[in-house]
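Q: I am new to this structure and would like a close look at one part of it. Please take me through the packing of its helices, and then through whatever surroundings help to place it.

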Amino acid sequence: MSVAQGVTITKTGQAGAFGGEILTVNFGPHHPSTHGVLRLIVDLDGEQIRRIKPVIGYLHTGIEKQMEALRWQQGVVVTDRHDYLSPPINNLAYALAVEKLMGVEVPPRAQVLRVIMSELTRLSSHLVWMGTSGLELGAMSMLMYCFRERDTILDMNEEISGFRMHTSYIRPGGVFADATPRFLELLDKFIGSMPAHVDEYENLLTMNPIWRSRTIGIGRLSPEDAKVLGASGPMIRGSGIAWDLRKAMPYSGYENYEFEVATSNDCDCYGRYLVRMKEMRESVKILRQALDRLPDGPVNVDDRKMLPPPREELETSMEAVIHHFKLFTEGYSVPAGDAYVAVESGRGENGCYIVSDGTHKPRRVKFRSASFVNLQALERMALNHMVADMIAIIGTADAVLGDVDR
Amino acid sequence: MIADTLIIDRGVSAGDAWITVPSESVHDALAGLRSEGYRLLTFLTCVDHLADASREWPARFEIVYQLRNLDSREQLRVRAFVDGEPPKIDSVQDLFPPANWDERETFDLFGIVFNNHPDLTRILMPDDWVGHPLRRDYPVGGETVEFSPEHEKWQTAPEEA
């Protein structure tokens, strides 16, 4: 047994196809190329992968258990933290599920703000994917370019919610606060500049011979396999199936926006890369439409039993003080029952299943995370590939380990 | 629709259609629904109804299967109730491959045993963990600090929880 860089090797005694012996090699969990703490047990014949077994759970934080101990409105803060690259989309799934059970519809301005935040998040999540995958496959400068644009998105997060990453911006009943004029100004500037930046990334990678040889034909996932294995997001669209929840089962008014579902028939790592690039362009298109049509009006439902009264009312109205006190000591209760809502995150179907027993805390909250399901396709994709290709395959599967382990 | 003998109860919760099937015939029911076009198991999970006063529950654990028809976009939730220690139900991972990890997770966090599962081991918690954390009688914040003497004692406790 030898240990180097978090890699442990054991001999299996089985003969391989190249005259050698099949070795069981352990990668991670603290291996730099596994996007967090993913551990892989790989059977290697020479450099070819004969079996691959992901071992997960190193980032398990008991989020579903914590949710049961928090009141409905407090849970939002925890939802931010499972898929830590797309907090507002996690918030949205949870908020929509709670609203579905309560039968609440949020005002139009809140709907559009939710769409804006979702698309900004998708962009920032794809940018992180692009930067880190580029880094892993030898395109070192991608990280610098992608994080430059991501930083402007984080600035916008800060402007609208006060937080750069874990925004807790979308919450049951509406959003945290109205968009400030400066936010809209930043957004307008961002929409103007982003298409040129996407061109820049494509110039660097799409026809780059190193990038192409590392991704084309690697990690094939046939459309049938993608369906059977329950893959979603760029994983299924990269296999040529135009399945996007924003189109298939629209929420938050996505049916009113014009955009294309990005697909690629390549069914390999390169296809998934092309899908993400196209999706970034489509997101910018949605952002432009959303900004143009942003209606005036309130951003929260007018329900004092669900959301606190405005600060000014507290000084003049006894009723408002009572509502405020009740909400922050006891919270609101949600009618007994269960509801499931799925939204499209940067990684695929991000669902939230909630069960209420009629009290002010959830009985059960289950996050259906895209990464958890997509990672199960890893074995199908990586079989008989080289070890180095495994890095490309894990990269383009884009599993966020916080989302896998929750 | 699958044979009515397999359906105990049906209804709609917040716009989502659901049916309840007997726990011993859950594999048959899901196989029937799969051949009717519900090809995707979105997720599978468990709800612990310990001391849940919102209504009468047939058993403590409710296993929930969320199915989707990718062509008609219909969704259906299938419920099955199980009791006992350990609670047991048939695995459906031969029908729906994504159920493999979902069932391991449900075993890990709720202690539900899935019959005929090829590799029913813990997935999120460490292999030597004692107890099933998402059960309602498992306390929040009950775990001891790692590398402390208490932790050592607790980790080597006999497995009975």
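A: **A helix and its packing partners**

H4(A) and H5(A) are roughly antiparallel to each other, where angles under 35 degrees count as roughly parallel, over 145 as roughly antiparallel, 65 to 115 as roughly perpendicular and the rest as oblique. This is a predicted model, in which local features need pLDDT of at least 70, side-chain atom pairs count only at pLDDT 80 or more, and totals for chains, interfaces and linings use all residues. Residues are numbered from 1 along each chain as its sequence is written, while chains are lettered from A and ligands numbered from 1 in the order in which they are written.

The angle between H4 (residues 108-136) and H5 (residues 141-161) of chain A is about 160 degrees, and their axes are 8 Å apart. Helices (H or I, at least four residues) and strands (E, at least two) are DSSP runs numbered from the N terminus; axes are lines fitted to C-alpha atoms, for helices over the stretch in contact, and angles run from 0 to 180 degrees between N-to-C directions. The crossing of H4(A) and H5(A) is left-handed, a term used if the near helix is turned anticlockwise from the far one by less than a right angle, with right-handed used if it is turned clockwise. Among the residues that meet here are A:Leu120, A:Leu127 and A:Gly131 of H4(A), and A:Cys146, A:Phe147 and A:Ile153 of H5(A); two residues are in contact if their C-beta atoms, placed from the backbone, lie within 7 Å. By class, this contact has 12 nonpolar, 4 polar and 2 charged residues, where Ala, Val, Leu, Ile, Met, Phe, Trp, Tyr, Cys and Pro count as nonpolar, Asp, Glu, Lys and Arg as charged, and the others, Gly among them, as polar.

H4(A) also packs with H11(A), at an angle of about 155 degrees and with the axes 9 Å apart. That angle makes H4(A) roughly antiparallel to H11(A) as well, and the crossing of H4(A) with H11(A) is left-handed. From H4(A) the contact includes A:Val112, A:Ile116 and A:Trp129, and from H11(A) it includes A:Met280, A:Ile286 and A:Leu287. Sorted by class, the contact of H4(A) with H11(A) has 10 nonpolar, 2 polar and 5 charged residues. A:Leu123 and A:Met130 of H4(A) appear in the contact with H5(A) and again in the contact with H11(A).

Two serines lie in loops that border these partner helices. A:Ser168 is found between H5 and strand S6 (170-171) of chain A, and its phi is near 50 degrees, a positive value in a residue other than glycine. A:Ser252 sits in the loop between helix H10 (245-248) and helix H11 (269-293) of chain A, and has a positive phi of about 50 degrees too. Most residues other than glycine have a negative phi, and most peptide bonds are trans. A:Ser168 is buried because 20 other C-beta atoms lie within 10 Å; a residue is buried with 20 or more such atoms within 10 Å of its own C-beta, exposed with 12 or fewer, and partly exposed in between, the C-beta atoms being placed from the backbone. A:Ser252 counts as buried with 20 C-beta neighbours inside 10 Å.

Elsewhere in chain A, 3 strands form an open antiparallel sheet in the order S8-S9-S10, and strands pair if DSSP finds at least two bridges between them. S8 and S10 of chain A are its edge strands, each pairing on one side only, and the twist averages 15 degrees from one strand to the next. S9(A) and S10(A) run antiparallel and are joined by 6 bridges, with A:Tyr353 standing opposite A:Lys366 in S10(A). H3(A) packs on this sheet, touching S8 and S9 of chain A, and its direction makes about 150 degrees with that of S8(A).

The sheet also belongs to the meeting of the two chains, in which 33 residues of chain A are in contact with 26 residues of chain B. Helix H3 (87-102), strand S8 (337-345), strand S9 (348-356) and strand S10 (362-368) are among the elements of chain A that each supply at least two residues of that side, which by class has 14 nonpolar, 8 polar and 11 charged residues. The partner, chain B, comes to 3 helices and 7 strands, and buried residues make up 38% of its 161 residues.
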